[in-house]
Amino acid sequence: KTADVPGVPSAFVDQLHEQGIEELYPPQAEAVEAGVTEGQSLVASVPTASGKTLVAQLAMLSAVQRGGKALYIVPLRALASEKKAEFEAFESFGVSVGVSTGNYESDGGWLAEKDIVVATSEKVDSLVRNGAPWLEDLTCVVADEVHLIDDRNRGPTLEVTLAKLRQVNPGLQVVALSATVGNAGDIAEWLDAELVDSDWRPIELRKGVHYGQALHFEDDTTREVPVRDGEKQTAGLVRDTLSEGGSSLVFVNSRRNAEAAARRLGDVVEPFLDSETKETLAGLADDIRDVSDAETSDDLADAVAKGAAFHHAGLARGHRQLVEDAFRDRTLKVVSATPTLAAGVNTPSRRVVVRDWRRYDGTGMQPLSVLEVHQMMGRAGRPGRDPYGEAVLLANSHEDIEELQDRYIDAEPEDVRSKLAAEPAMRTHVLATIASGFARTREGLLSFLEQTLYASQSTEEGRLERVADSVVDYLVQNGFVERDGDELTATNVGHTVSMLYLDPMSAATIIDGLESIAGATEPTTEFEAEETTAGFQTFSRSDDGTEADDGDGEAPGVADTDIDKPTPLGLYQLLSRTPDMYELYLKSGDREEFTEVFYEREAELLGPAPTEYEEDRFEDWLSALKTARLLEDWADEVDEDRITERYDVGPGDLRGKVETAEWLLGATERVAGELDLPGPVTVGVREAKKRVQDGVREELLELVSVREVGRKRARRLHDAGIEDREALRTVDKSVVLAALGDRPKTAETIMQNAGREDPSVEGVDPANEVVADGE
Ligand code: ADP
């Protein structure tokens, strides 16, 4: 019984009762038994949708009740706001909640006041780097989706962050929530935690494989699910669910497939809709069109009007929210999604169809992991709403039925393995560990690394040491760390790089590029790949002793006037060469096109360019150039639609690239400041940053700084002769109105934002008649 839980505020228990939660689910009861409400560390490895969040809530609230402070680490930013909204109910009984997102640099001082803080692992890592003092007050840390430690890109940050928090805070309670994995015991051992390892589910989950006209369940029963001529299996399954009043979630392997499936499935859903639902859906479609004017927006709205939608990471944030909410309240009947939705967003559905169980990984089609497929399947069935959940895989042949049963239905999920040894991860985290003072010596570094899951899983004698040493060598060679005997200290640049959250290799690339403008280094710095004994590839700048290469950033002896400002394209291409900007792939035909661009614009590119004979490097430069051209188009005011079409990306991808470029240019500006580079370099960086930030040419920069003036409005105003803030204040109102397409409210707001005294008065300033003439 929930009433029996010791140590949590009774008001919370009341809230649970109001939500209809009367009894703990068995894994939750096990967790309480194991001491999760008394400060005991715990790993809970239980299936999706089996109530892990409540285990975390019990732990955090009991910690706060004892006068402590809790941190909830989420894997995705989108989940941070969702969790915060969920936890805000605690404020009614006096437990305060804060969420820390965005801005990597601040130490989030205001969070010191909060009882519970929600943040992504990246954010927590940066708080640790910035030495946020309140971290020492933490008594309880929850790591959601801890199995993501296995993720090559994001796993190491979570792993290192947990290790650091435990080092700062020896008695810290760690509650790690995981999907069912093969080796939950290893994680528990690493964290000195109790283990709840269960496959209990709140609602029956029936798993099966569809082939031909029938669904074959794991218990050897079958159900007829007809598929009409010329139709796909998924259509038949969705219709079958609809005929029973249920909704379906269809997982596919790419964004494009998600969009195509939604389009087709809309036609299956439409005949089932009553007029009231149709009206609601039409309203929802309008809301979707309002969020953004890109093409995806229309595609999504069209599907939504028919009761179907697609969901993937390329969607605008507003779109994602609208789709999730409408699916949860059952207005939408089908969502076709890439697996991002399975990872944490609570959107259960009567039936889950795992349509694609293979995914393109850059080299070929690879089967998904059992863990991933189980997480998708786990979204089937809403307790209390559906009689049961059904998860279906699709077979193309009779033999496939058995293959799929063996591979996913009867199989155990994989083990979680640390990915910390991956090169960018080690580079970044070792620098951060030294810069933030976590380790001041080689010994200190090694003993910190010993605290990681990587160390506890590593069996090869001496490997950790070798990897650590080769990374330190790299950092020393690039001027980020100084080594004096056993002592390790970060240089000023090293500190800056760590605080800015840059991959040291990105920083080294940027520094080389900027210094090449300054002239003194000419093409003297070069990257060399070397293979170390640990099989760990490092890249180091060869040191030929030129003055700019010693990393202390003395300005080379060249007068500012001799130096050309770098162009935006040059800078965008430089950033796109760093591992922090995931560049666009070259598609067929791109190679020729961008080779041409390369020769046309070579003079603008920064640093020693490869020749066509250095195939891999040349290819990298071309894909970076493609990314740079996308950013340049954006900064040249090319339409969003044109860009997404030209580069074959979603609007969300475009946003992502623009945001990354903004961040990297901000970082570049800081690094440039540290190196004392000549004036024109810094000016060029600042300009390139502003232009990519607002997506405008230089002459519009002032206008877009007025609130409510975006790239399109700024261009219209400029075309009408209004070139700056001053003009917005003084020009005849009719000119502004005409420029903005006769929308008086908008025009007034904008004029007011520009500092106009009373925008409702028809301002006639004789001095501006020349401009008004344009009418
Ligand atoms: P997980 O994190 O394991 O994927 P959630 O914590 O999101 O799952 O829980 C899924 C749903 O189950 C939520 O809607 C939650 O309110 C509900 N739930 C959790 N615990 C209980 C319980 N003891 N009794 C009834 N419903 C519960």
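**View 1. Helix 25 meets helix 26 through residues on both sides.** On helix 25, Val-658, Ala-661, Glu-662, Leu-665, Gly-666, Thr-668 and Glu-669 make the contact (heavy atoms within 4.5 Å). Their partners on helix 26 are Thr-682, Val-685, Arg-686, Ala-688, Lys-689, Val-692 and Gln-693. By class, this contact has six nonpolar, four polar and four charged residues (nonpolar: Ala, Val, Leu, Ile, Met, Phe, Trp, Tyr, Cys, Pro; charged: Asp, Glu, Lys, Arg; polar: the others, Gly among them). The model is predicted: local features need pLDDT of at least 70, side-chain atom pairs count only at pLDDT 80 or more, and totals for chains, interfaces and linings use all residues. Residues are numbered from 1 along each chain as its sequence is written, and side-chain values use heavy atoms, without hydrogens or water.

**View 2. Helix 25 and helix 26 pack with their axes 9 Å apart.** Helix 26 covers residues 679–694 (helices are DSSP runs of H or I, at least four residues, numbered from the N terminus). The angle is about 160 degrees (axes fitted to C-alpha atoms over the stretch in contact; 0 to 180 degrees between N-to-C directions). Helix 25 is therefore roughly antiparallel to helix 26 (under 35 degrees is roughly parallel, over 145 roughly antiparallel, 65 to 115 roughly perpendicular, the rest oblique). The crossing is left-handed (near helix turned anticlockwise from the far one by less than a right angle; clockwise is right-handed).

**View 3. Thr-660 sits in helix 25.** That helix runs over residues 651–675. Thr-660 is in contact with Asp-580 and Met-581, leaving aside neighbours within four places in sequence. Leu-575 is 85 residues away from Thr-660 along the chain. The C-alpha atoms of Thr-660 and Leu-575 are separated by 9.2 Å.

**View 4. Helix 10 crosses helix 12 at roughly 165 degrees.** Helix 10 spans residues 275–291, and helix 12 spans residues 317–328. Their axes come within 9 Å. Helix 10 is therefore roughly antiparallel to helix 12. Helix 10 passes helix 12 in a right-handed crossing. Leu-284, Asp-287, Ile-288 and Val-291 contribute from helix 10. Gly-318, His-319, Leu-322 and Ala-326 contribute from helix 12. This contact has five nonpolar, two polar and one charged residues.

**View 5. Helix 8 crosses helix 9 at roughly 40 degrees.** Look for helix 8 at residues 233–243 and helix 9 at residues 255–269. The two axes come within 10 Å. Helix 8 is therefore oblique to helix 9. The crossing of helix 8 past helix 9 is right-handed. Helix 8 makes the contact with Thr-234, Ala-235, Val-238, Arg-239 and Leu-242. Helix 9 answers with Leu-265, Val-268 and Val-269. Six residues of this contact are nonpolar, one is polar and one is charged.

**View 6. The ligand has 14 residues around it (a heavy atom within 4 Å).** Glu-23, Tyr-25, Gln-28, Ala-49 and Thr-53 come nearest. Tyr-25 places a polar side-chain atom 3.0 Å from a ligand nitrogen atom (polar contacts to the ligand are pairs of N or O atoms within 3.5 Å). An N or O atom in the side chain of Gln-28 lies 2.9 Å from a nitrogen atom of the ligand. Lys-52 uses its backbone: an N or O atom there lies 3.0 Å from a ligand oxygen atom.

Terms used: Helices (H or I, at least four residues) and strands (E, at least two) are DSSP runs, numbered from the N terminus. A polar contact is a pair of N or O atoms within 3.5 Å; within protein, one must be able to donate a hydrogen and the other to accept it, and residues adjacent in sequence count only if both atoms are side-chain atoms.
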